[in-house]
Each structure stands twice: as structure tokens, then as C-alpha cells.
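The following account leads the reader through a protein model, beginning with its strands and moving outward to helices and charged side chains. Please keep the sequence and the coordinates at hand while reading.

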Amino acid sequence: MLVTENLNIALQGKPILKHIDLTIEPGSMVSILGPNGAGKSTLMKSLSGDLPDALNQVRLEGRRLDEYRVTELANLRAVMPQSVQLDFPFLVSEVIEMSLLTSVSHADRSAYVDRALAMFDVAHLKDRNYLTLSGGEQQRVQLARVMAQIVDKVDQQNRYLFLDECTSSLDLAHQHQVFEVVESVVKKHRIAAMMVLHDLNLASQYSDRLVLMNQGEIVSQGTVSEVLQAERITDVYGYPVQIIPHPNGWPMVIPA
């Protein structure tokens with residue numbers, strides 16, 4: 001379980017996160033929503049251990065983040081930030097191998113890479129120069145890398161996946177493919193997936209719970225139907241919306 005109580009973060013003396021209380025259970029998909037500047041990415045960095053000021057304010061599996069060694073934390077959680085910059089011409093297979101935390105044989109390493117790439121339909125890119133890929137292809141390779149880091153395990157520990165706008169470069173079909181894969185893995189392996197999203201309807205379709213933020217605070221958290229209320233969304237985003245039911249049951253947000 002991932003827990004923070006009264007998390008407060010200030011950057012250069014300016015409060016960014018204020019009084020954040022969250023409990024994230026394994027086996028759930030949680031989307032963090034809110035307008036630009038709401039604090040979503042800062043919250044993601046805090047929960048994943050990327051902000052030093054948050055390390056003693058967040059507990060993972062009963063321990064504060066600052067009580068973990070770097071290798072221990074890497075074994076329990078994987079992070080895909082909003083932007084991943086590689087400046088050297090690594091092969092796609094080498095990018096995937098970066099997520100390996102232990103030494104393995106050449107055969108096991110090759111099988112590991114193949115399993116990871118197959119999850120997101122990019123196995124055909126295995127021997128390509130990463131820098132020659134399109135933005136969408138690079139995004140799917142990075143998704144394969146972070147997913148492999150925590151899925152390809154033999155023990156039964158709870159693990160955590162942090163995805164910050166992980167489908168921003170993908171077309172409609174690949175957006176849904178990604179979330180279907182994440183949803184399947186979360187339920188099968190009892191991983192907790194925390195996702196920063198701007199697309200309210202993707203969040204509605206695939207999330208178990210939503211966290212709605214504004215100006216560094218949590219405005220609402222709960223089930224999809226509890227959080228996606230027209231008046232609340234209109235107020236937070238400053239734009240009128242209506243909520244209508246999708247034919248398959250989840251709420252859809254449309255301009256009023």
C-alpha cells in the first residue's frame with residue numbers, strides 16, 4: 001500500500017502541494033486529473049520518490065521512502081515521466097535491457113526483451129536505433145521498459161507503476177491498447193497503477209478511482225462516478241461540461 005498523510009511540498013518557497021492525503025491499494029488503477037498547473041506531476045514525483053522533500057512524507061509498504069535503498073525502490077516501483085530524453089543511438093533492445101535489475105544470461109535477456117516489446121506491439125522494432133523511431137513508437141518502447149521492470153518478477157510483492165501522460169503521443173487505437181494492457185497487468189499481478197491524465201474520458205473508462213486536483217490540493221477523490229460531477233468539473237476546469245452515460249456504462253464528459 002502507498003500512503004501519504006498531509007503531504008506538503010514547496011519549490012523555491014512557493015507551495016506546490018498542500019495537505020495531500022492519499023491511500024493507493026495494489027490491484028487498482030488511479031488517475032490523477034486536473035488543469036495545467038494543478039500539481040499533478042509534482043504529486044507523481046512525490047509519490048514515486050523523485051522529490052527529496054517528499055521522501056519522509058510518503059510510505060510504501062509500511063516504510064518511508066527515505067528508508068529504502070535505491071535498488072530496493074527500483075525493485076518495487078517503475079516510473080515513466082512525462083518526457084524521456086535519450087541522446088545516444090541505443091538499440092530498442094538495449095533500452096529495454098536498462099530495466100533489468102540483476103545480471104542474467106544472454107538467452108534470458110533476449111527473452112526478457114521479447115516479452116516486454118510484445119506487450120505493446122513493438123517487437124518488430126527490437127533491432128532499430130531508438131533515435132530513428134517516431135514519438136509514438138518511442139513512447140511505446142518506454143512503456144515496455146517500465147512495465148517489464150516490475151512485471152517480470154518471480155516473487156509476490158506488491159508493486160507500483162507511475163505513468164505521467166503516457167499516451168500523449170499515441171493515436172486512438174494505441175491509446176486504448178496501452179490502457180487495456182495496463183489494466184490487465186494491474187489485475188493479474190496486483191500492481192497499483194497511478195496515471196496522470198488530461199483526457200477525462202480515458203480516465204473514466206479505465207480507472208478504478210480518480211483524484212481531482214486544483215491549485216495544489218485534492219478537490220475530490222473516489223470512484224469515477226463520485227468524482228466526475230458536471231458542476232465540479234466545470235468549476236475546476238473553468239469550462240462548462242455535461243456528464244452523459246457511455247453505452248457501456250461509464251460517465252462521459254462533453255462540452256455543455
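A convenient place to enter this predicted model is the pairing of strand 9 (residues 209–214) with strand 10: the two run antiparallel and are joined by five bridges. One residue pair may serve as a landmark, since Val211 has Gln221 of strand 10 as its bridge partner.

These two strands belong to an open sheet of six strands, arranged in the order 6-7-8-3-9-10 with mixed pairing. Strand 6 (77–80) and strand 10 (217–222) form the edges, each of them pairing on one side only. On average, and with direction ignored, neighbouring strands of the sheet are turned by 15° against each other.

Two helices that pack on the sheet deserve attention. Helix 5 touches strand 6, strand 7 and strand 8, and its direction makes about 170° with that of strand 6. Helix 6 touches strand 3, strand 7 and strand 8, and its direction makes about 150° with that of strand 8.

Helix 5 is mostly covered, with 16 of its 17 residues buried. Its end C-alpha atoms lie 24 Å apart, which agrees with the 24 Å that 17 residues should span at 1.5 Å a residue.

Helix 6 (residues 172–189) can be followed from end to end. At its start, a side-chain oxygen of Asp171 comes to within 3.2 Å of the backbone nitrogen of Ala173. The helix then continues for 18 residues and reaches 26 Å from its first C-alpha to its last, close to the expected 26 Å. After the helix comes Arg190, which has a positive phi, near 55°.

Which residues of helix 6 are buried? They are His174, Gln175, Gln177, Val178, Phe179, Val181, Val182, Val185 and Val186. The elements against which these buried residues pack include strand 3 (29–33), strand 7 (159–164) and strand 8 (191–196), and also helix 4 (106–119), helix 5 (135–151) and helix 7 (200–206). Gln175 offers a single-residue view of this helix. Its relative accessibility is 16%, and Gln175 therefore counts as buried, the limit being under 20%. Leaving aside residues up to four places away in sequence, Gln175 touches Thr167, Leu170 and Leu202.

The charged side chains add another set of links, for a search of the whole structure finds seven salt bridges. One of them involves helix 6: Asp208 and Lys187 meet through their side chains at 2.7 Å, N to O. Asp208 lies in the loop between helix 7 and strand 9 and Lys187 in helix 6, so that this pair links distant parts of the chain, 21 residues apart. Both partners are partly exposed, Asp208 at 33% relative accessibility and Lys187 at 42%.

A further salt bridge joins Lys126 to Asp114, with the closest N and O atoms 2.9 Å apart. Because Lys126 lies in the loop between helix 4 and helix 5 while Asp114 lies in helix 4, the pair ties together parts that are 12 residues apart in sequence. Asp114 counts as partly exposed, at 35% relative accessibility.

Finally, Arg63, Arg69 and Glu72 are linked in a network of salt bridges. Within this network, the closest N and O atoms of Glu72 and Arg63 are 3.5 Å apart. Glu72 is partly exposed at 23% relative accessibility, and Arg63 is partly exposed with a relative accessible area of 31%.

Note on methods: Residues are numbered from 1 along each chain as its sequence is written. This is a predicted model: local features need pLDDT of at least 70, side-chain atom pairs count only at pLDDT 80 or more; totals for chains, interfaces and linings use all residues. Side-chain values use heavy atoms; hydrogens and water are left out. Helices (H or I, at least four residues) and strands (E, at least two) are DSSP runs, numbered from the N terminus. The expected span of a helix is 1.5 Å times one less than its number of residues. Buried means under 20% relative accessible area, exposed over 50%, partly exposed in between (1.4 Å probe, protein chains only). Contact means heavy atoms within 4.5 Å. A polar contact is a pair of N or O atoms within 3.5 Å; within protein, one must be able to donate a hydrogen and the other to accept it, and residues adjacent in sequence count only if both atoms are side-chain atoms. Two strands pair if DSSP finds at least two bridges between them. Axes are lines fitted to C-alpha atoms, for helices over the stretch in contact, and angles run from 0 to 180 degrees between N-to-C directions. A salt bridge is a side-chain nitrogen of Lys or Arg within 4 Å of a carboxyl oxygen of Asp or Glu.
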